[in-house]
Structures are given as structure tokens and as C-alpha cells.
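These are my notebook entries on one structure. I set down what I looked up, entry by entry.

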Amino acid sequence: MSTTASDPLAALGSLPGVPEAVDSVRKAVDRVYGHRVMRRRSNEVTAEAALRGSRGSAALAGADWNLEEVRRRTDFSGEDEARTVGAALRLTAEAGQLLSIWRQSPLRVLARLHLVAAGGATPDDAVGRPRLAGEVVDEPLIETPLPGAEEVAGRLEGLSRLIIAGGSAPALVTAAVVHGELLALRPFGSHNGLVARTAERIVLIGSGLDPKSICPAEVGHAEQGRASYVAAFEGYTAGTPEGMAAWITHCGRSIELGVRESTAVCEALQRGAA
């Protein structure tokens with residue numbers, strides 16, 4: 001994340017193409033919140049969005065299960081893919097419980113998210129803390145150079161200060177930066193992608209853009225495909241205005257695809273088919 005503006009996140013909001021993406025996301029979110037089903041059955045839409053978002057995040061982490069398998073399965077122990085899906089489900093369930101802490105102490109929330117994701121699968125002394133010098137990272141999808149432990153600590157602290165300070169940046173911009181920075185840093189030994197996408201979800205909920213958590217960006221990230229996700233992320237790591245704008249607009253498109261998914265859920269509920 002490279003910008004020297006006094007309000008760096010707000011400055012990113014003026015990059016070419018980003019204001020249009022912000023406006024498009026807001027209009028899409030407003031439309032699904034205005035659906036008649038949301039007046040009576042919003043809890044059902046939220047639950048379905050959580051399930052579909054978890055499936056999407058797990059798919060990006062290498063466990064590309066179909067939705068019905070995720071819905072049917074009760075045991076997520078055993079093979080690696082099952083543990084990945086289980087971690088995604090636990091993280092989604094946890095996200096809404098951490099909003100008040102996020103605004104005061106984002107680093108505590110990230111530690112909690114890693115603890116929830118690990119679910120006992122990682123050695124105790126490595127869970128819930130940023131990695132130390134020399135520790136390996138298991139994140140096969142992201143292959144950009146891995147920052148050293150000292151850089152990770154400094155950039156996490158900087159990200160935390162930005163979140164606590166707030167500012168005038170649109171929710172899309174803040175969510176994209178939080179997501180991108182955590183992917184770039186990979187601060188934990190495992191589950192960094194799952195944690196980063198959950199943090200994006202927390203920002204979208206806490207900002208008021210998606211307070212009922214019915215617009216799962218994870219669905220859109222998965223729908224656009226792993227190659228598109230990685231290519232957009234490489235724009236973030238490049239740090240150029242064009243690269244940052246490409247990542248933010250990619251995240252915006254992901255939210256819109258999540259909106260489309262939840263709109264379909266609303267339509268199905270209205271027809272009595274779900």
C-alpha cells in the first residue's frame with residue numbers, strides 16, 4: 001500500500017474508475033436491500049449468503065466444493081479440503097461477532113480470526129500471532145514475495161492505525177485495502193486468504209454498506225476465478241495507481257456478483273422454492 005496523502009484511503013477513492021465502481025456497488029446493494037423479501041425474511045437471506053460466501057472463500061483456498069456438498073456435510077475434519085471448508089464456515093459465523101472489537105483493535109480481531117480458522121490444526125504457539133522470522137507460510141494461491149516478519153509487524157500496525165482513525169474513504173476502498181494488505185503480508189503461518197476475505201466482510205458489514213451481511217464478496221471473487229483474483233491482487237502489490245484501481249474495482253465487481261447471488265436467493269424465497 002503506497003500513498004503519501006494525508007488520508008491515504010480517501011485518496012485511493014479518487015483513482016480513475018474507482019468512483020464509478022463505488023457508485024455501482026452502492027446502487028447494487030441498495031437494490032437487494034429494497035427487495036420485498038428483505039422486509040420479512042432477511043435472516044434467511046443472511047444465512048444463505050453466509051453459506052455461499054464460505055463456499056466461495058474456500059474455493060479460492062483450494063477446496064472448490066459444490067454448494068450442496070457444503071450444505072449437506074456435518075463433519076469437516078479429516079482431509080485438507082474438508083478442513084478448509086470448515087475453517088471458512090467458522091470464520092463467516094464469527095465475523096459478525098467482532099464488529100465492536102474491530103473498530104477499537106483490528107489486530108485482536110485478526111488474531112481471533114486466525115485462531116478460529118486454525119481450529120486446533122496449527123501448533124498452539126503459532127496460532128493467533130504474526131509469524132516470526134524464519135517461519136514458513138502455507139498459502140499456495142499467492143506467490144508474491146513474502147515480506148519479512150519485521151515488515152509485517154510494521155505494516156500491520158499501520159493498517160490498524162488507519163482502521164481505528166476511520167476517515168472518509170468509501171467502504172469498498174477500505175475493504176479492498178484491508179483484504180489486499182493482508183494477502184500481501186500473509187501475517188500468519190496458514191489460512192491468510194480465508195482471514196483476509198473475512199476481514200473484507202467485516203469492513204463491509206461494519207461500514208454500514210452491508211449491515212445484514214447479505215452481499216458476499218467471496219462469491220464474486222470465486223466466480224471471477226482464481227486467475228483473475230491473483231492478477232488483480234498483483235495490481236495491488238505493484239502499488240501503482242492503475243494497479244490499485246484494478247484491485248479495488250475487482251473487489252467492487254465481486255460485491256456486485258455477491259449481490260446478484262443474494263438477489264437470486266430472494267427471488268427463490270419469494271417463489272417458495274428455497
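**Entry 1: α3 and its partners**

I began with how α3 and α13 lie against each other, and I found them oblique, because their angle of about 130° falls outside the ranges for roughly parallel, roughly antiparallel and roughly perpendicular. The model I am reading is predicted. The axes of α3 and α13 are 10 Å apart, and I noted the crossing as right-handed. On the α3 side, I listed Met38, Arg41, Glu44, Val45, Glu48, Ala49 and Arg52 as making the contact. On the α13 side, the contact is made by Glu261, Ser262, Val265, Cys266 and Leu269.

I then looked up α3 against helix α5, which spans residues 80-95. The axes of these helices come within 8 Å and cross at roughly 135°. I therefore entered α3 and α5 as oblique to each other. Here, too, I recorded a right-handed crossing, with α3 passing α5. Ala50, Leu51, Ser54 and Ala58 of α3 meet Thr84, Val85, Ala88, Leu89 and Thr92 of α5.

**Entry 2: the largest nonpolar core**

Which residues touch the most other members of the largest nonpolar core? I found Trp102, Leu110, Trp247 and Ile255, in a core of 83 residues. Helix α9, residues 171-185, supplies the largest share of this core, with 11 residues. I kept in mind a general point: nonpolar side chains tend to be buried together in soluble globular proteins.

I followed Leu110 further and left out residues up to four places away in sequence. Leu110 then touches Trp102, Leu156, Leu182, Phe188, Val195 and Ala199.

**Entry 3: α10 and Ala196**

I turned to α10, which runs over residues 192-206. Its 15 residues reach 21 Å from the first C-alpha to the last, close to the 21 Å expected at 1.5 Å a residue. Is α10 mostly covered or mostly uncovered? I found it mostly covered, as 14 of its 15 residues are buried. After α10 comes Gly208, and I noted its positive phi, near 90°.

Within α10 I picked out Ala196. Its relative accessible area is 0%, so I entered Ala196 as buried, the cut-off being under 20%. With neighbours within four places in sequence left aside, Ala196 is in contact with His179, Leu182 and Leu183. I also compared Ala196 with Ala176: they are 20 residues apart in sequence, and their C-alpha atoms are 9.7 Å apart in space.

**Entry 4: the loop between α9 and α10**

I looked up two residues in the loop between α9 and α10: Arg186 and His191. Arg186 is not a glycine, yet I found a positive phi of about 45°. His191, also a residue other than glycine, has a positive phi near 60°. Are these residues buried or exposed? Arg186 counts as buried because its relative accessibility is 3%. His191 stands at 19% and also counts as buried, because the cut-off is under 20%.

**Entry 5: α12**

Helix α12 covers residues 226-238 and has 13 residues. It reaches 18 Å from its first C-alpha to its last, close to the 18 Å expected at 1.5 Å a residue. I listed its buried residues as Tyr229, Val230, Ala232, Phe233, Gly235 and Tyr236. What covers them? I found that the cover includes α3, α9, α10, α11 and α13. Gly239 follows α12, and its phi is positive, near 75°.

**Entry 6: α8 and the loop before it**

I placed Ser160 in helix α8, residues 149-165. Its relative accessible area is 7%, so I entered Ser160 as buried. Not counting residues up to four places away in sequence, Ser160 touches Pro106 and Leu107.

My last item was Gly134, in the loop between α7 and α8. Gly134 counts as exposed because its relative accessibility is 78%, and exposed means over 50%. I compared Gly134 with Gly148 and found them 14 residues apart in sequence and 8.5 Å apart in space, C-alpha to C-alpha.

Terms used:
Residues numbered from 1 in each chain as written. Predicted model: local features only at pLDDT ≥ 70, side-chain atom pairs only at ≥ 80, totals over all residues. Heavy atoms only, no water. Core = buried A, V, L, I, M, F, W, Y, C linked by side-chain atoms within 4.5 Å. Buried < 20%, exposed > 50% of the residue type's maximum accessible area, 1.4 Å probe, protein only. Helix = DSSP H or I, 4+ residues; strand = E, 2+ residues; numbered from the N terminus. Contact = heavy atoms within 4.5 Å. Expected span 1.5 Å × (residues − 1). Axes fitted to C-alpha atoms, helices over the stretch in contact; angles between N-to-C directions. Parallel < 35°, antiparallel > 145°, perpendicular 65-115°, else oblique. Left-handed = near helix turned anticlockwise from the far one by under 90°.
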